[in-house]
Amino acid sequence: MGVQTIDLLKEELPVHQESLHLTGDTKTGLVLVDVVNGFCTVGAGNLAPRQPDKQISEMVDESVRLARVFCDRKWPVYAFLDSHHPDIPEHPYPPHCIVGTEESELVPALKWLENEGNVTLRRKDCIDGFLGSVEEDGSNVFINWVQSNQIKAILVVGICTDICVLDFVCTTLSARNRRLLVPLEDVIVYSRGCATFDVPVDVAKTAKDVIAHPQELMHHIGLYIAKGRGAKVVSEVSLDTENP
């Protein structure tokens, strides 16, 4: 899809993006969505990038930067790890992020999160992390995380902007509106901290059962829908200093 076409669509479907300055005055939690090898590391699996990808690389870098900031300050972090049982397919996607494989593990630059006391890791076997946080007894680990930490805002980063990130954001907004997530007020999506995959139209036309998924356009559409559902979208996240 041509640059001019994408620019035209962005003009017709604008997404106003703000800047976020974190001060610690508002209790904020960081949510990382599926920053795992199976979606981010070149050649790691069926849904991993086939070659280095600028948008995905920037998403990983920004996720690492923010994770460091939050952990240095002992602010709450909730990280989803896409993890599937080999006998339970997730249509329409090919097998990916199978439990016990490197695909379902955090990217190397985030493996250190496993040893941080302020971090909650949640393996999920579905697109929507909110639903993937439901336990067998009906309780929800994400809801408990928000409430036990008295979180008023969540900052969301990860992959894919228009799939797992969007589904989680939309369900969370609905749950917030239903007062299931008190005291949560704001759901904030960081655009440079999110990414999606790329299947150009010309590639999709020559492949069987493949739907076109132009990266820049679908990333924008994911942000546009999130904004329309009530999320805040920001293009910059800063602090007074990167040191605690």
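## R65 and its helix partner

R65 is partly exposed in this predicted model. Its relative accessible area is 22%. The cut-off for buried is under 20%, so a value of 22% falls in the partly exposed class.

The side chain of R65 forms a salt bridge with that of E62, at 2.9 Å from N to O. Both residues belong to helix 3, which covers residues 54–72. They sit 3 residues apart, so about one helical turn separates them. E62 counts as buried, because its relative accessibility is 10%. The bridge thus pairs a partly exposed arginine with a buried glutamate.

## A bridge between strands 6 and 7

E236 and R192 form another salt bridge, with the closest N and O atoms 3.2 Å apart. This pair links distant parts of the chain. E236 lies in strand 7, residues 232–239. R192 lies in strand 6, residues 186–195. The two are 44 residues apart.

Both ends are partly exposed. E236 has 40% relative accessibility, and R192 has 28%.

Which residues are linked in a network of salt bridges with R65 and E236? They are E58, E62 and R192. The network therefore includes the helix 3 pair R65 and E62, along with R192 of strand 6 and E236 of strand 7.

## A buried bridge between strands 3 and 4

K124 and D82 also meet through their side chains, in a salt bridge of 3.1 Å from N to O. Here too the pair links distant parts of the chain, with the two positions 42 residues apart in sequence numbering. K124 is in strand 4, residues 119–124. D82 is in strand 3, residues 77–82. Are these two residues buried or exposed? K124 is buried, and D82 is buried as well.

## E103, a charge without a bridge

E103 is placed in the loop between strand 3 and strand 4. E103 is buried, yet it has no salt bridge. Its nearest side chain of opposite charge is R50, 8.7 Å away. A salt bridge needs nitrogen and carboxyl oxygen within 4 Å.

What does E103 touch, leaving aside residues up to four places away in sequence? The contacts are V36, N37, G38, A44, G45, N46, H96 and C97.

## R68 in helix 3

R68 is a further residue of helix 3. It is partly exposed, with a relative accessible area of 41%. R68 and W112 are 44 residues apart along the chain, and their C-alpha atoms are separated by 9.8 Å.

## The whole protein

The protein contains 8 helices and 7 strands. Its C-alpha atoms fill a box of roughly 50 × 45 × 35 Å along the principal axes. A compact globule of 244 residues would have a radius of gyration near 18 Å, and the protein has 17 Å, so the two agree.

Of the 244 residues, 49% count as buried. The exposed area is about 12100 Å², and carbon and sulfur atoms supply 51% of it. Among contacts between residues at least 6 apart in sequence, 75% join residues at least 24 apart.

The side chains include 22 positive and 35 negative ones. The centres of these two sets lie 4 Å apart. Searching the whole structure gives 12 salt bridges. Among them are R65 with E62, K124 with D82 and E236 with R192.

Conventions. Residues numbered from 1 in each chain as written. Predicted model: local features only at pLDDT ≥ 70, side-chain atom pairs only at ≥ 80, totals over all residues. Heavy atoms only, no water. Helix = DSSP H or I, 4+ residues; strand = E, 2+ residues; numbered from the N terminus. Rg over C-alpha atoms; globule rule 2.2 N^0.38 Å. Buried < 20%, exposed > 50% of the residue type's maximum accessible area, 1.4 Å probe, protein only. Contact = heavy atoms within 4.5 Å. Areas by Shrake-Rupley, 256 points an atom, 1.4 Å probe, with all protein chains shown as cover. Lys, Arg positive; Asp, Glu negative; His and termini not counted. Charge placed at Lys NZ, Arg CZ, Asp CG, Glu CD.
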